[in-house]
Amino acid sequence: MNFGRLAKVLGFLTLLVGVLMLLVSAYGFVEWRRHPDISGNLAAFRSLGVSSVITLVAGCLLLACGWGVSNEFLRREALAIVGLSWFLTALFGAMPYYLFEPGEGPGLGVAESFFESMSGFTTTGATIMKDIEAFPRAI
């Protein structure tokens, strides 16, 4: 198995997630500027911004590890890419939930954040948030 090929594809995917997270962070900034009195908007903007930077850096590092390798995949590598892409996408998508700290205490834990992220990417509709309307719209 060629780990360079895995790193290259996973790096592109992680960069895509980071760019999309950056767009949502910009939306969080707009929401914060529009409604500064609503608690949590600034925390949502911060958690999304930090998460997007971490995700973009990780994507660049993965892409650099796979730079210059060929694009021919074996079945084993393709299967590994599918499994690892689901895991990495959910892992990086969980960071805004984990880093988000509303005014009354810490946000979601690691397992809860990963569950919410995986649930969002797979569009199952399942959630463990007790009052989802209490979270800012950007989150």
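A search of the whole structure, which is a predicted model, finds zero disulfides. Cys60 takes part in no disulfide, and the nearest cysteine sulfur, belonging to Cys65, lies 11 Å away. The same holds in the other direction: Cys65 is in no disulfide, with the sulfur of Cys60 as the nearest cysteine sulfur at 11 Å. Because a disulfide requires a pair of cysteine sulfur atoms within 2.5 Å, a separation of 11 Å leaves Cys60 unpaired. With regard to accessibility, Cys60 counts as partly exposed, at 46% relative accessibility, whereas Cys65 is exposed, with a relative accessible area of 59%.

The overall architecture is helical. The protein contains four helices and zero strands, and its elements follow the order α-α-α-α from the N terminus on. The C-alpha trace spans about 55 × 30 × 20 Å along its principal axes. Of the 139 residues of the protein, 38% count as buried. Among contacts with a separation of 6 or more, 74% are accounted for by residues 24 or more positions apart.

Helix α2 comprises residues 41-65, a total of 25 residues. From the first C-alpha of α2 to the last, the helix reaches 36 Å, close to the 36 Å expected at 1.5 Å a residue. The buried residues of α2 include Asn41, Ala43, Ala44, Ser47, Leu48 and Gly49. Further along α2, Ser51, Ser52, Thr55, Ala58, Gly59 and Leu63 are also buried. These buried residues of α2 pack against α1 (3-34) and α3 (75-99).

Ser47 illustrates the buried part of this helix. Ser47 is found in α2 and has a relative accessible area of 2%; it is therefore classed as buried, the cut-off being under 20%. Leaving out residues up to four places away in sequence, Ser47 touches Pro96, Leu99, Phe100 and Ile139.

Two aromatic residues of helix α1 were examined in turn. Phe3 has its place in α1 and is exposed, with a relative accessible area of 61%. The C-alpha atom of Phe3 is separated by 8.3 Å from that of Glu77, although Phe3 and Glu77 are 74 residues apart along the chain. Trp32 also has its place in α1, but Trp32 is partly exposed, with a relative accessible area of 22%. When neighbours within four places in sequence are set aside, Trp32 is in contact with Asn41 and Leu42. Of these two partners, Asn41 is among the buried residues of α2. A separation of 7.4 Å is found between the C-alpha atoms of Trp32 and Phe45, which are 13 residues apart along the chain.

The segment after α4 was considered next. Thr123 is located in this segment and has a positive phi of about 55°, although Thr123 is not a glycine. Most residues other than glycine have a negative phi. Thr123 counts as exposed, at 66% relative accessibility. Met129 is found in the segment after α4 as well, yet Met129 counts as buried, at 12% relative accessibility. The contacts of Met129, leaving aside neighbours within four places in sequence, are with Tyr97, Leu108, Glu116 and Phe135. Of these partners, Leu108 is 21 residues from Met129 in sequence and 8.6 Å from Met129 in space, C-alpha to C-alpha.

The surface of the model was also searched for pockets. The largest pocket has a volume of about 420 Å³. A total of 19 residues line this pocket, and those closest to its centre are Val17, Met21, Gly93, Ser117 and Phe121. Helices α1, α3 and α4 (110-122) each supply at least two residues of the lining. By class, the lining of the largest pocket consists of 13 nonpolar, five polar and one charged residues.

Terms used: Residues are numbered from 1 along each chain as its sequence is written. This is a predicted model: local features need pLDDT of at least 70, side-chain atom pairs count only at pLDDT 80 or more; totals for chains, interfaces and linings use all residues. Side-chain values use heavy atoms; hydrogens and water are left out. The expected span of a helix is 1.5 Å times one less than its number of residues. Buried means under 20% relative accessible area, exposed over 50%, partly exposed in between (1.4 Å probe, protein chains only). Contact means heavy atoms within 4.5 Å. On a 1 Å grid over the protein atoms alone, a cavity is a set of points where a 1.4 Å probe fits but cannot get out, and a pocket is an open set with protein on both sides within 12 Å along at least five of seven lines; lining residues have an atom within 4 Å of a point. Grid points are joined across faces, edges and corners, and a volume is the space filled by probe spheres set on the points. Ala, Val, Leu, Ile, Met, Phe, Trp, Tyr, Cys and Pro count as nonpolar, Asp, Glu, Lys and Arg as charged, and the others, Gly among them, as polar.
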